[in-house]
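Got the chain up on your screen? Here's a quick tour of some spots worth clicking on, grouped by topic so you can follow along.

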Amino acid sequence: MSRIILVRHGESKWDQESRYIGWNDVPLLSNREDLRHIGNILLNQRADIDLIITSVLERSIVSAWTIMNNMYHSWITEIHDWRLNPRHYGVVQGLTYQETLLKYPNIDDITLSWDKMVDPVGLDNKQHPRHDRRYAHVSPDKLPAVESFKDVYTRVEEFILDTLMPALSKNHNILIVAHQDSIASILKYFKNLSVEEVVKIDIVLSQAIVLDYEYNTGKVVQSILE
């Protein structure tokens, strides 16, 4: 039996401002009590974390550090995987919700859909990940200029099959700190959720969802860490 602890990163200034953050690297705010609380619960439960996996964005990585520091487990092996990044929001990245409504009055339909998306950024736009050295090892044809939820699921599923499942086959307990759509994609895979179900999932900042997973049978039980 393995335990997968899924945590959405803590709050940033852009979260407070209701901006579409996407792949922008926005730091966490200094108040991280909710993340420390998760660490305290795991410490009290004597949780045996074998591996930490995050996206390559600071708000994900620092959130994981905050949790593990409160467990006195900063030495645990970490993996930073770009496939756990949030959805790339193309030309609206950095805009507030109100600013985005002026360009896309149907933005809510796009955000809550499976395969709709806004317009992509151009290859020369600084918002394109080809200009960020952390993606230098990624094949250029995999770097998005914009994404739908479906696109996020496709790359997360690849991560699950080639990185997560081998660790679960060893009955490892894994802390994954990521983002709304990448965590929802993991839930879709393990719980066999429909498209209609997964687009309705709302994961609040600093929320921890626990999946107890039996590798041999595929049985999974979900709970909330409180």
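What follows is a short briefing on rings, helices, loops and a few single residues.

Keep in mind that this is a predicted model. A search through the whole of it turns up 7 aromatic pairs, and one of them, W23 with Y135, gets a close look below. After that come the crossing of α6 and α7 and two residues with a positive phi, S18 and N171.

**Aromatic rings**

- A pair of aromatic rings is described by the distance of the centres and the angle of the planes.
- For W23 and Y135, the centres are 5.1 Å apart and the planes make an angle of 35°. That pair counts as tilted, because the label covers angles that are neither under 30 degrees nor over 60.
- Which parts of the chain does this pair tie together? W23 sits in the loop between α1 (13-16) and α2 (33-44), while Y135 sits in the loop between α5 (107-111) and α6 (149-168), so the pair links parts that are 112 residues apart in sequence.
- Are the two partners buried or exposed? W23 is buried, with a relative accessible area of 7%, and Y135 is buried too, at 3%.
- W82 joins in as well: W23, W82 and Y135 make up one aromatic cluster.

**More about Y135**

- Look past the neighbours within four places in sequence, and you'll find Y135 in contact with W23, V56, L57, W82, N85, P129 and L143.
- H88 is 47 residues from Y135 along the chain, and the C-alpha atoms of the two are separated by 14 Å.

**Charges over rings**

- R19 lies over the face of W14, 5.9 Å from the centre of the ring.
- K188 does something along those lines with W114: the charged end of K188 sits over the ring, 5.6 Å from the ring's centre.

**Where α6 meets α7**

- Helix α7 covers residues 180-191, and α6 packs against α7 at an angle of about 65°. The two axes are 9 Å apart.
- Is the crossing left-handed or right-handed? The crossing of α6 and α7 is right-handed.
- On the α6 side, the residues in the contact include F149, V152, Y153, I160 and L164. On the α7 side, they include A184, I186, K188, Y189 and F190.
- Sorted by class, the α6 and α7 contact has 13 nonpolar, 2 polar and 3 charged residues.
- You've met K188 already: this α7 residue in the contact with α6 is also the one with its charged end over W114.

**Stops in the loop between α5 and α6**

- A136 is in this loop, and so is G122.
- At 66% relative accessibility, A136 counts as exposed. That's because exposed means over 50%.
- G122 is partly exposed, at 38% relative accessibility.
- Now try some distances. A136 and D109 are 27 residues apart in sequence, and their C-alpha atoms are 33 Å apart.
- G122 and V146 are 24 residues apart in sequence, with 9.7 Å from C-alpha to C-alpha.

**Two buried residues**

- T54 is in strand β2 (residues 51-54), and T54 counts as buried at 0% relative accessibility.
- What does T54 touch, if you skip neighbours within four places in sequence? The contacts of T54 are S60, I61, A64, I79, H80, D81, L84 and V177.
- V92 is in the loop between β3 (78-80) and α4 (97-103). V92 counts as buried, at 0% relative accessibility.
- Again leaving out neighbours within four places, V92 is in contact with Y20, T100, Y104 and V118.
- R19, the residue over W14, is 73 residues from V92 in sequence, yet their C-alpha atoms are 8.8 Å apart.

**Positive phi**

- Most residues other than glycine have a negative phi.
- S18 isn't a glycine, but has a positive phi of about 55°. You'll find S18 in the loop between α1 and α2, partly exposed at 44% relative accessibility.
- N171 also has a positive phi without being a glycine, with a value near 60°. N171 is in the loop between α6 and β4 (174-178), and is partly exposed, with a relative accessible area of 39%.

Definitions and conventions. Residues numbered from 1 in each chain as written. Predicted model: local features only at pLDDT ≥ 70, side-chain atom pairs only at ≥ 80, totals over all residues. Heavy atoms only, no water. Phe/Tyr/Trp six-rings, centres within 6.5 Å; stacked < 30°, edge-to-face > 60°. Helix = DSSP H or I, 4+ residues; strand = E, 2+ residues; numbered from the N terminus. Buried < 20%, exposed > 50% of the residue type's maximum accessible area, 1.4 Å probe, protein only. Lys NZ or Arg CZ within 6 Å of the ring centre and 35° of its normal. Axes fitted to C-alpha atoms, helices over the stretch in contact; angles between N-to-C directions. Left-handed = near helix turned anticlockwise from the far one by under 90°. Contact = heavy atoms within 4.5 Å. Nonpolar A, V, L, I, M, F, W, Y, C, P; charged D, E, K, R; others polar.
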